[in-house]
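Subject: Structure for your files

Hello,

The structure we spoke about is below, with the sequence alongside. My notes on it follow.

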Amino acid sequence: MAGRILPFGMALPVIQAPMAGGGSTPAMAGAVSRAGGLGFIAAGYRSAKAVRDDIAAVREQTGEPFGVNVFVPQPQAADRAAVARYREELAPEAERYGVALPENPAWDDDEWAEKVDLLVAERVPVSGFTFGCPPPEVVTRLQEAGSVVVITVSSPAEAVAAAEAGADALSVQGIGAGGHQTTFLPPPPSWEPPTDLAELVAQVRQVVDLPLAAAGGIMDGAGIAAVLSAGAVAAQLGTAFLRCPESGAHPVHKAALVDPGFTETAFTRAFTGRTARGLANRFMAEHEASVPLCYPQVHHLTKGLRRAAAEQGDPHGMNLWAGWNYRGIRDLPAARLVEILIQETEAALA
Ligand SMILES: Cc1cc2nc3c(=O)[nH]c(=O)nc-3n(C[C@H](O)[C@H](O)[C@H](O)COP(=O)(O)O)c2cc1C
């Protein structure tokens, strides 16, 4: 399998998913890229200045290609009254964890323009985007700076939009994926997202002619082989890396991933206002029904609560992002995990 060069620039068809909130780290991205896969820095929730330091940290470890992933800003309109009602509902949570909830959690663009400028200035090998489609002029600027532009999509309709924006490649995200769904276009009423990731890859291949990475619930070489057989050029894995020593996931999150007390994952908006998959816990059960669809305001509203719950060692008050096949998680250094994944993939394809 070694020796090929994929459209993303790496030799092996394994991408370590960007994981904002601390899951992925420059140490993880460096280890994966050094091992022949593609490591990703998550720029989401971080300042552009901090991301510049992350890029430098990866470059100190390796000259191999790596990616930086940025959140595309959301439309600014939000239902302030609904956010205020949700804040009232969360008052007992604030009391439980001893934190003050922000009065009027604000919209922000996560330093969008600064991050785009940074990616251009740093000529990062791969620029990744989620939560939306960057405007074509941003895509062109990055390409002129020598960056490969990858846009995350969750449906054929989003794949067409990303191709029209000029993407070089797509990351196709299935519903089993841990963390946030990229979803940025309403799906046609007649379309149901397939549960089988290979089927989603096949559907996207019918509408666009771009190299595809596939993400969502892949934990081993058999999962990688399945998406490669469906026509993807690489598999993107997030949860599989969360218990690596290089992972920056909170120890409470790492422990929950192997705690038999957690029995399933579910989609939730309760923590951020945007749909994400995580281990089903008390906070999700109690607040899912009433959370407004307001990202990033709800993210800012619950941030302090989640931090306090983590500090207090309570996995039921924080987001525990995980893909639906999280039980296949392994405690291995990131480079060794890549090596084993490739061996398993070769065996599965043979
Ligand atoms: C903890 C965590 C954080 C994530 N953060 C990001 C992110 O910042 N940007 C992004 O594009 N995807 C993010 N994702 C989604 C991944 O890119 C990918 O779609 C997902 O991990 C694939 O599913 P899996 O976790 O089952 O492998 C995140 C996933 C997890 C588990």
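**Loops, ligand and helix packing**

Pro-296 sits in the loop that joins helix H11 (282-287) to helix H12 (297-311). Please keep in mind throughout that this is a predicted model. The peptide bond leading from Tyr-295 into Pro-296 is cis, and its omega is near 5°.

A second loop, between helix H4 (91-97) and helix H5 (112-122), holds Glu-111. Glu-111 is not a glycine, yet its phi is positive, near 60°.

Next, the ligand. There are 21 residues around the ligand, and those that come nearest are Pro-18, Asn-69, Gly-217, Gly-238 and Thr-239. Three of these can be described by atom:

- Pro-18 places a backbone N or O atom 3.3 Å from a nitrogen atom of the ligand.
- Gly-217 also uses a backbone N or O atom, which lies 2.7 Å from an oxygen atom of the ligand.
- Thr-239 uses its side chain: a polar atom there is 2.5 Å from an oxygen atom of the ligand.

How much of the ligand does the protein bury? On its own the ligand exposes 600 Å², and 96% of that is buried by the protein. Two elements, strand E3 (66-71) and strand E9 (234-237), each give two or more residues to the shell around the ligand. By residue type, that shell has twelve polar and nine nonpolar members, and no charged ones.

That leaves the helix packing, for which I have two pairs.

The first pair is helix H9 (residues 221-229) with helix H13 (residues 334-349). Their axes are 7 Å apart, and the helices pack at an angle of about 55°. H9 is therefore oblique to H13, since an angle of this size falls outside the ranges for parallel, antiparallel and perpendicular. The handedness of the crossing between H9 and H13 is right-handed.

The second pair brings back H12, the helix that follows the loop with Pro-296. Helix H3 (residues 80-89) and H12 have axes that come within 11 Å of each other and cross at roughly 20°. Because angles under 35 degrees count as roughly parallel, H3 and H12 are roughly parallel to each other. H3 passes H12 in a crossing that is right-handed.

If you look at one place to begin with, I would suggest the cis bond between Tyr-295 and Pro-296, and then the ligand contacts of Pro-18, Gly-217 and Thr-239.

Regards

Methods:
Residues numbered from 1 in each chain as written. Predicted model: local features only at pLDDT ≥ 70, side-chain atom pairs only at ≥ 80, totals over all residues. Heavy atoms only, no water. Near = heavy atom within 4 Å. Polar contact = N/O pair within 3.5 Å; in protein donor to acceptor, adjacent residues only side chain to side chain. Areas by Shrake-Rupley, 256 points an atom, 1.4 Å probe, with all protein chains shown as cover. Helix = DSSP H or I, 4+ residues; strand = E, 2+ residues; numbered from the N terminus. Nonpolar A, V, L, I, M, F, W, Y, C, P; charged D, E, K, R; others polar. Axes fitted to C-alpha atoms, helices over the stretch in contact; angles between N-to-C directions. Parallel < 35°, antiparallel > 145°, perpendicular 65-115°, else oblique. Left-handed = near helix turned anticlockwise from the far one by under 90°.
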